[in-house]
Amino acid sequence: MIDFELTPEQKEAVKVAHQFAEELFRPISRHYDEHEHESPQELIDKTWGERNKGTLALGLDVTASLRIEELCWGDAGLFLCVPGPGLGGAAIFASGTKEQLQRFLGNFNEGEPKWGAMAMTEPGCGSDTSAISTTAVRDGPEWVLNGEKIFVTWGKRAAENPGGLVVVWATVDKSAGRAGMKSFVVPAGTPGMRVEKLEKKLGIRASDTATLIFDNCRIPFENILGSPEVKKVARSETKGFKGAMATFDATRPIVAAMAIGVGRAALDFVEETVEKEGVTIRYGVPKQKLTALERDIIEMEANFKAAKLLTLRALWMMSQLQPNNLEASMAKAKAGLAVTKITQKAVEIMGPLGYSRKYLLEKWMRDAKINDIFEGTGQINMLIVARRVLDYSRDQLR
Amino acid sequence: MISFSPTEEQQMIVSMAKQFANDEMRKIYRQCDESGEIPDTVIDTAWNMGFVSSGIPEDYGGPGGEHSAITGSLIAEELAWGDLSMALHILCPALFAYPILEMGTERQREKYLPLFGGERYKTATAALIEPRFGFDPHSLSTVVRPDGDEYVLNGGKCYVPMAAAADLFLIYAAENGNTQAFVVEKGATGLEVGEREKNMGIRALATYEIGLKDCRIPKENRLGGEKGCDYNRILNRSRVALSAMAVGVAKAALEYSRDYAKERVAFGEPIASRQGIAFMLAEMAIEIDATRLMTWEAAWKLDRNEDATKEASLVKAYADDMVMMATDRAVQILGGHGYVREHPVELWLRNGRGFVTFDGMAIV
């Protein structure tokens, strides 16, 4: 039955997360935007505790995404400081064995705060993830990793804090193309893995975006996710690469949910401000009778709703164990772009209030933009949607 | 709990509507558009599938199915995918029957509903739109005033579907600034049905201007009696129906232009293998899905008897733009071939432009 009603548990989850966003995230939002690489220790400790109690559990399901939306309404950069297995965990869930799940994530909720990261992008390859040049060479009971990874979200925290992990994508056989592409779990503190630098960014400045260097970094043989074999099969059927792509089907709707949180923040600010000025948005009045402001806000609201419902559908499908590759990319493409535009329009509408760093709106505009870039740019997601709509392979639509 | 899965019963109705649209409507839509006529047999076949009648309760001689806005929007999408003129014609009696069903007095329900529960298509319609610039359903210039035990209606309407054949009209008029609905039967003095209108699109649908000159009707013909009707809810039901239909038309345009783009070769390969074309199709697909989900959400609110004004008006505005974008792109993808009447996309473009105007011409 088609239904849009949240369960009582989901409503409670939203309420609790919203309260954290309001009380814990918003008051320190500006500070960590302006003090880029400072660590929000109190927020980290508090969210780690709540996470392990279950009140702020952040997995890959509808309830978690509703929480994420609320926390990103609070602050998307600070949300990316919240400890947890993160994208590394998502990769292990997507292609790890039961034993690996237990070994890498079994104790993840215990002790001190821990982070999981995923290292994919390299200086020479972004969207074309099959072109990676980081190598993994078998040496007896170990793999030896060599290469450079950039734009690793949670990179520093995951690589340096005990108990954390980084899932690294590397090739075991460059000549095999996608078939040679494998992922490896590198525990925090492994010799040979080091943080080279932290990026200075347009937005989400509280989030540590790191360059990681792997210099003869040795990990146990059992840390490979999926099969070590290189099967030279059709490009579309390469398993290692597919593992990476399956991860994206799970993480793209989550990024869409993040975007939606930021978009809601901007919309709330605009609507509260114009309401204080005595302007009411008249829904249901013909377009030609609306003011330009009303038209803008109605268009923003509609695009917001479109993005939100596409996201909920992608998440719902995932929770039903239905393949959601198309729907995940639809949600991510729409939400990333819609929220980028909504926040930019919001700054325009608010004029001096929008542009001033006295308010958070300009920050949200900067934060929002990342959602149209990471976990697959808007264009990559459009390409995926187009291939699915046309039933084309990547060779037929490049 | 959040779910995007229609019930089994809804899935059955959808597949029936889809098959009808494909097997019957798609065969004749061009000929209907050119001639301005829809064969009675198609309308009768559709009627017997119960798209309107199934919602009439058993107490009033109907099959007693559930009257749901979600089910209605699922049906409307499929029928509009087949052909918009025919969809509007098939569902036209609902313009009269559904407001009576939801908001009529017991007497009105007893008198009128049995006419719509049977096996014969019963022609009835509603008149909302008025022929002037800046038409706003919240400030009608058709007015009504009480006079003894009668009401007197004055004004003019346009885009009244099936008016020449209709036995029953639901006329929307301003009553001291508030809009209410009034039942006017065929042949009432002062009710004048004008010439058939000539429109850019929906050319197979017979629409008319009507005039109301001191049109007198009995007091009991006010929809809902003394209590009146919930006009906003009627408007919202209409917005949902039209949004669903816009999704159907846009989907038709997407599918046709997608298939064409895969067939049409330029510079040695199908034009679909170029991102310039492929991305247009991807965006159409995303916006169609988004609009459908927004339509469902508004319909869901209606089914829960909640105020759906915000959701319904947001999705309607969104759908108006979306269907224009999608049908225009379909023509663009076909290029010169899209502009000629051998292909259906020019027809969908003409139909698509109308949604922003079609207030109150369909209802769920």
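## Working through a two-chain model

In chain A, 16 residues of domain 1 touch 18 residues of domain 3. Keep in mind that this is a predicted model.

**Exercise 1.** Find out which helix gives the most to the side of domain 1 of chain A that touches domain 3 of chain A.

*Solution.* Start with the bounds: chain A splits into domain 1 (8–82), domain 2 (89–102 + 112–232) and domain 3 (240–390). The C-alpha centres of domains 1 and 3 of chain A sit 19 Å apart. Across their contact, 16 residues of domain 1 meet 18 residues of domain 3. On the domain 1 side, at least two residues each come from α2 (29–34), α4 (62–74) and α5 (76–79) of chain A. The one that gives the most is α4(A), with eight residues. As for chemistry, this side of domain 1 breaks down into eight nonpolar, three polar and five charged residues.

**Exercise 2.** Now do likewise for the side of chain A that touches chain B: which element gives the most?

*Solution.* Count the contact first: 35 residues of chain A against 34 residues of chain B. Next, pick out the elements of chain A that give two or more residues to this side, namely α10 (292–319), α11 (325–350) and α14 (378–390). Of the elements on this side, α10(A) gives the most, with ten residues. Sorting the chain A side by residue type yields 23 nonpolar, four polar and eight charged.

**Exercise 3.** Decide whether A:Ile219 is buried or exposed, and list what it touches.

*Solution.* Locate the residue: A:Ile219 belongs to strand β7 (residues 209–220) of chain A. Then apply the cut-off, by which a residue is buried if 20 or more other C-beta atoms lie within 10 Å of its own. A:Ile219 has 21 such atoms, so it is buried. Leaving out residues up to four places away in sequence, its contacts are A:Glu142, A:Trp143, A:Leu145, A:Phe184, A:Val186 and A:Thr190. For a sense of distance, A:Glu272 is 53 residues from A:Ile219 in sequence and 53 Å from it in space, C-alpha to C-alpha.

**Exercise 4.** Explain why helix α5 (residues 94–103) of chain B is described as largely enclosed by the rest of the structure.

*Solution.* Check the helix residue by residue. The buried ones include B:Ala94, B:Phe96, B:Tyr98, B:Pro99, B:Glu102 and B:Met103. The full tally is ten of ten, so α5(B) is largely enclosed by the rest of the structure. Finally, look for the cover: among the elements over these buried residues are α4 (84–91), α6 (106–112), β1 (124–127), β4 (168–175), β5 (178–185) and α7 (231–263) of chain B.

Terms used:
Residues numbered from 1 in each chain as written. Chains lettered and ligands numbered in written order. Predicted model: local features only at pLDDT ≥ 70, side-chain atom pairs only at ≥ 80, totals over all residues. Contact = placed C-beta atoms within 7 Å. Helix = DSSP H or I, 4+ residues; strand = E, 2+ residues; numbered from the N terminus. Nonpolar A, V, L, I, M, F, W, Y, C, P; charged D, E, K, R; others polar. Domains from an automatic or database assignment. Buried ≥ 20, exposed ≤ 12 C-beta atoms within 10 Å, placed from the backbone.
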